[in-house]
Amino acid sequence: MKTNRSAVLVACLLASLALLAGCDNEEARIANRDNFTAATNDYLAQRGHVCLAKYEWPITVAAGSHAPDAQQMPVLEKLGLVSGKDVAVTAGSAAAAVPAREYALTEAGRKNYLQVPVVIRTTTQTLKHPADFCAATLSLDRLIGWDPPQTRDGRTATSLLFTYRIAPEPWAGAPEVLQAFPLLARAIQREGTMQIRLGVHLTPHGWVADELDVH
């Protein structure tokens, strides 16, 4: 009899814990400021990096090139983040090799090369890069608001609007860096004022940024 009573007590305890867990999930599923703030913080903790679209290394710049890399790579080399060496490459349909400079990350530069997926969405496609060279980290400044959640095909989603705080790497505030990377300069200048829209959707455990859900 004592064994049966113990089994009943254990079963009741497990049922109570399951009920409490269910209540916690229900609280997290409510469309309110606390839950959307938590979802935004979670997103920024994982993907809140300001990166420079330098996905693959080494980067080779042909002599006479007017591409952004031709201006940007020498700046990073001067700061000790990359090292360059003279090479020869074939450009386009040219039969003869042309002078170029090949840039690779130094030990200092590799600290900023983050193995964090970068998702780029356009109207026609979604591109995903496994890593990028990053210059700053974002955190939440203020959650401005959100659209009314909509359910379509069994999926409930909305979009949030927030402003951010930015913490640049020590080298990222140098004038030559800001000149070479105008998007980075803009992100720093508009701290606390630039509004970012973030898509989120409802899961059994609460609200999650679309970019973080691989399913």
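**Reading the terms of a predicted model**

The secondary structure of the chain comes to six helices and 12 strands, where helices (H or I, at least four residues) and strands (E, at least two) are DSSP runs numbered from the N terminus. This is a predicted model, in which local features need pLDDT of at least 70 and side-chain atom pairs count only at pLDDT 80 or more, while totals for chains, interfaces and linings use all residues. Residues are numbered from 1 along each chain as its sequence is written, and side-chain values use heavy atoms, with hydrogens and water left out.

Visitor: Why is Gly-48 called buried?

Guide: Gly-48, which is found in the loop between α2 and β1, has a relative accessible area of 2%. Buried means under 20% relative accessible area, against over 50% for exposed and partly exposed in between (1.4 Å probe, protein chains only), and therefore Gly-48 counts as buried with its 2%. Of the 215 residues of the chain, 33% count as buried.

Visitor: What does Gly-48 touch, not counting residues up to four places away in sequence?

Guide: With that exclusion, Gly-48 touches Tyr-43, Ala-136, Thr-137 and Leu-138, where contact means heavy atoms within 4.5 Å. Gly-48 and Ile-166 are 118 residues apart in sequence, and their C-alpha atoms are 9.3 Å apart in space.

Visitor: Why do β2 and β4 count as paired strands?

Guide: Two strands pair if DSSP finds at least two bridges between them, and four bridges join β2 to β4 (residues 98-105), so the pair meets the criterion. One of the links is between Thr-60 and its bridge partner in β4, Glu-102. Three strands form an open sheet in the order β2-β4-β3, with antiparallel pairing, and its edge strands, β2 (59-62) and β3 (82-89), each pair on one side only.

Visitor: What makes the space of about 1100 Å³ a pocket and not a cavity?

Guide: On a 1 Å grid over the protein atoms alone, a cavity is a set of points where a 1.4 Å probe fits but cannot get out, whereas a pocket is an open set with protein on both sides within 12 Å along at least five of seven lines. The space of about 1100 Å³, a volume filled by probe spheres set on grid points joined across faces, edges and corners, lies in the largest pocket, so it belongs to an open set. Of the 39 residues that line this pocket, the closest to its centre are Tyr-43, His-49, Val-50, Cys-51 and Leu-138, lining residues being those with an atom within 4 Å of a point. The largest share of the lining, five residues, comes from α6.
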